[in-house]
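Here are my notes on this one, jotted down while going through the model. Have a look at the structure first, then read on.

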Amino acid sequence: DWRGWSCIIAGVVLFIVCAWATGLASAIFACVFVSALGDRSGSWKGSLILALVMTTFGTVLFGYFLRINMPLWQWPLSP
């Protein structure tokens with residue numbers, strides 16, 4: 001299933017790019033949203049809801065509880 005594989009790989013690449021450029025919250029959102037689009041039975045609305053829930057959960061877990069040394073949000077390519 002090429003759709004699933006390509007969406008999952010694109011999600012991982014987007015996570016890396018967004019984490020470097022815009023921070024943890026946008027990286028989690030982009031990764032989950034694009035990866036969820038690889039499910040044939042899913043819709044873009046379901047992918048959006050899943051991405052919002054996982055972004056909230058991931059931001060709270062990794063940003064606040066585990067204190068990962070990565071900005072939660074930053075303006076693209078700011079120093």
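1. Let me start in helix 2, which covers residues 24–36. Both Phe29 and Phe33 sit there, four residues apart, or about one turn of the helix. Keep in mind that this is a predicted model.

2. What do those two rings do? A search of the whole structure turns up one aromatic pair, and Phe29 and Phe33 are the partners. Their rings are stacked, with 5.8 Å centre to centre and 5° between the planes. The stacked label follows because planes under 30 degrees apart count as such. As for solvent, Phe29 is partly exposed, at a relative accessible area of 26%.

3. Next, the packing of helix 2 on helix 3, the latter being residues 44–65. The two axes come within 8 Å and cross at roughly 145°, and the crossing is right-handed. On the helix 2 side, the contact is made by Leu24, Ala25, Ile28, Phe29, Val32, Phe33 and Ala36. Note that both partners of the aromatic pair are in that list. Helix 3 brings in Trp44, Ser47, Leu48, Leu50, Ala51, Leu52, Met54, Thr55, Gly58, Thr59, Phe62 and Gly63.

4. What is the make-up of this contact between helix 2 and helix 3: nonpolar, polar or charged? The count is 14 nonpolar and five polar residues, with no charged ones.

5. Leu37 deserves a look of its own. You'll find Leu37 in the loop between helix 2 and helix 3. Leaving out residues up to four places away in sequence, Leu37 touches Arg3, Cys7, Trp44 and Ser47. Two of these, Trp44 and Ser47, also belong to the helix 3 side of the helix contact. Leu37 is partly exposed, with a relative accessible area of 26%. For a sense of distance, the C-alpha atoms of Leu37 and Ala25 are 19 Å apart, with these positions twelve residues apart along the chain counted as the separation.

6. Last, the cysteines. How many disulfides does the structure hold? Zero. Cys18 is in no disulfide, and the nearest cysteine sulfur, which belongs to Cys31, is 9.4 Å away. Seen from Cys31, the nearest cysteine sulfur is that of Cys18, again at 9.4 Å, and Cys31 is in no disulfide either. A disulfide needs the sulfur atoms within 2.5 Å, so this pair does not qualify. Is Cys18 buried or exposed? Cys18 is buried, its relative accessible area being 17%, and the label applies because the cut-off for buried is under 20%.

Terms used:
Residues are numbered from 1 along each chain as its sequence is written. This is a predicted model: local features need pLDDT of at least 70, side-chain atom pairs count only at pLDDT 80 or more; totals for chains, interfaces and linings use all residues. Side-chain values use heavy atoms; hydrogens and water are left out. Rings of Phe, Tyr and Trp (its six-membered ring) pair if their centres lie within 6.5 Å; planes under 30 degrees apart count as stacked, over 60 as edge-to-face and the rest as tilted. Helices (H or I, at least four residues) and strands (E, at least two) are DSSP runs, numbered from the N terminus. Buried means under 20% relative accessible area, exposed over 50%, partly exposed in between (1.4 Å probe, protein chains only). Axes are lines fitted to C-alpha atoms, for helices over the stretch in contact, and angles run from 0 to 180 degrees between N-to-C directions. A crossing is left-handed if the near helix is turned anticlockwise from the far one by less than a right angle, and right-handed if clockwise. Contact means heavy atoms within 4.5 Å. Ala, Val, Leu, Ile, Met, Phe, Trp, Tyr, Cys and Pro count as nonpolar, Asp, Glu, Lys and Arg as charged, and the others, Gly among them, as polar.
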